[in-house]
Amino acid sequence: MILFDGANTDLTFDLAQARLVSLLSDMERLRDGIRPEDFAGQVPLLDYWMLAQRPATCLIGLSTGHPLLPGIERQISTSDLMLMSRDREWARTMSRWYRLGRPATITGREQ
């Protein structure tokens, strides 16, 4: 919740609200035909990824270049999955973009 009054123009967003604003901005860019590689900047690679579920759909996989979870091919679970390109090269979670590498296989079949 944000508290404000008529004279207060300096509203401070909490982390969840900032993430939603960022997500909506990215969705507008996609709608306008701008590809993620043109605006996403430096993003982590998620290799051997697959869809997973907690209460919401997420991705799991081996992350390289994550700003908060350093390491090479570190096993991670992402925040809630919000967007995925049809070609499965890009994914936008609640908190950030990911470049998608190779999908994981289950019993020899791709997802």
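Start by selecting Ile-76 in this predicted model. Setting aside neighbours within four places in sequence, show what Ile-76 contacts: Leu-46, Leu-59, Ile-60, Gly-61, Ser-63, His-66, Leu-69 and Tyr-98. Keep that selection on screen, as a few of those names come back.

Next, pick out the largest nonpolar core, a set of 8 residues that includes Ile-76. To complete the selection, add Leu-46, Trp-49, Leu-59, Leu-81, Ala-91, Tyr-98 and Leu-100. Colour strand 1 (45-53) and strand 6 (97-100) while you're there: these are the elements that give two or more residues to this core. Then hop over to a second, separate core of 5 residues, where you'll find Phe-39, Ala-40, Trp-90 and Trp-97 among the members.

Now back to one of the contacts of Ile-76, namely Ser-63. You'll find Ser-63 in strand 2, which covers residues 57-64. Is Ser-63 buried or exposed? Buried, because its relative accessibility is 0%, and the cut-off for buried is under 20%. Beyond residues up to four places away in sequence, Ser-63 touches Pro-44, Leu-45, Leu-46, Gly-71, Ile-72, Glu-73, Arg-74 and Ile-76.

Finally, zoom out and switch to cartoon. You should see 1 helix and 8 strands, with the helix coming ahead of the strands along the sequence: α-β-β-β-β-β-β-β-β. Of the 111 residues, 29% count as buried. Try a contact map too: among contacts with a separation of 6 or more, 40% join residues 24 or more positions apart. Last stop, the surface: the protein exposes about 7,600 Å², and carbon and sulfur atoms supply 55% of that area.

Notes: Residues are numbered from 1 along each chain as its sequence is written. This is a predicted model: local features need pLDDT of at least 70, side-chain atom pairs count only at pLDDT 80 or more; totals for chains, interfaces and linings use all residues. Side-chain values use heavy atoms; hydrogens and water are left out. Helices (H or I, at least four residues) and strands (E, at least two) are DSSP runs, numbered from the N terminus. Buried means under 20% relative accessible area, exposed over 50%, partly exposed in between (1.4 Å probe, protein chains only). Contact means heavy atoms within 4.5 Å. Accessible areas come from the Shrake-Rupley method with a 1.4 Å probe; for residues, only the protein chains shown count as cover. A nonpolar core is a set of buried Ala, Val, Leu, Ile, Met, Phe, Trp, Tyr and Cys residues joined through side-chain atoms within 4.5 Å.
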